[in-house]
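I opened my notebook to look at how helices pack against each other. Here is what I looked up, step by step.

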Amino acid sequence: MNRKSLVNTLVVSTLAMIICGPAMAEGDTQGQIDAIKGVIPKFAVPMREVGDRFQNMYFAVEGGNWALAAYMSKYMNAAMKPASLTKPKEYESWKKFYEESFTPVNTAIQAKDKKGFESAYSKVMGKCSDCHDKMDYGFIKVVKMKMPADVGIEYKLNSEPDAVPK
Ligand code: HEC
């Protein structure tokens, strides 16, 4: 290769890298982002956690463990976070549900109001199933369990609802 064609080759390949490099890198990055998104849970996986934490909070209130009830509610909501990325439109419905329909439950927990909690709890349970209906999962109907979903926690314990670390 003479000097001129070496220079030409260098110029051409440098130009190719400048022009195509970012596009190639971008394509790669997008592919990687899509791949990561593809393995982040959508609704079914976090909903299992929602179901369990929702059941557990009832027994926490019954046992006077108000902090555990508040904790269950907080992480019931946090469990759905992956859906904000994987199912943004449907996540908005969840967000609205938690911020509006679920508020009476949270208010009762914070006020240590057992009667208020029981009535808000059974009311909101119907709204869980309403959303299932609306999203074509009417065959998933939430019912109250006779026992908490997780039995490895002490539910009967005195605690304050504001004792959950921020
Ligand atoms: C924004 C709508 C919406 C709300 C509100 C909602 N869900 Fe769901 N839930 C779904 C959808 C959709 C599914 C089906 C899973 C899927 O689409 O991947 C589901 C599935 C479930 C499942 C079955 C999970 C499994 O695969 O084993 C349970 C349990 C559940 N929800 C409990 C609840 C409880 C309890 C509440 C209320 C505190 C609730 N859900 C509120 C939309 C909702």
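Before starting, I wrote down one term: a crossing is left-handed if the near helix is turned anticlockwise from the far one by less than a right angle, and right-handed if clockwise.

Entry 1, the overall picture. I am working with a predicted model. I found seven helices and zero strands in the protein chain. Of its 166 residues, 19% count as buried.

Entry 2, a helix pair. I picked H3 (residues 66-79) and H6 (residues 103-110), whose axes lie 9 Å apart and make an angle of about 155 degrees. Angles over 145 count as roughly antiparallel, so H3 and H6 are roughly antiparallel to each other. Which hand does the crossing of H3 and H6 have? I looked, and the crossing is left-handed.

Entry 3, who meets whom. From H3 I listed Trp66, Ala69, Ala70 and Ser73, which meet Val105, Asn106 and Ile109 of H6. Sorted by class, this contact has five nonpolar residues, two polar ones and no charged ones.

Entry 4, the core. I then turned to the largest nonpolar core, which has 21 residues. Ala60, Ala69 and Ile109 have the most contacts inside this core. At least two of its residues come from each of H2 (44-62), H3, H6 and H7 (114-134). Which helix gives the most to this core? I noted H3, with seven residues.

Entry 5, a closer look at Ala69. Setting aside neighbours within four places in sequence, I found Ala69 in contact with Met57, Ala60, Val61, Ile109 and Pro161.

Notes. Residues numbered from 1 in each chain as written. Predicted model: local features only at pLDDT ≥ 70, side-chain atom pairs only at ≥ 80, totals over all residues. Axes fitted to C-alpha atoms, helices over the stretch in contact; angles between N-to-C directions. Helix = DSSP H or I, 4+ residues; strand = E, 2+ residues; numbered from the N terminus. Parallel < 35°, antiparallel > 145°, perpendicular 65-115°, else oblique. Contact = placed C-beta atoms within 7 Å. Nonpolar A, V, L, I, M, F, W, Y, C, P; charged D, E, K, R; others polar. Core = buried A, V, L, I, M, F, W, Y, C linked by C-beta atoms within 7 Å. Buried ≥ 20, exposed ≤ 12 C-beta atoms within 10 Å, placed from the backbone.
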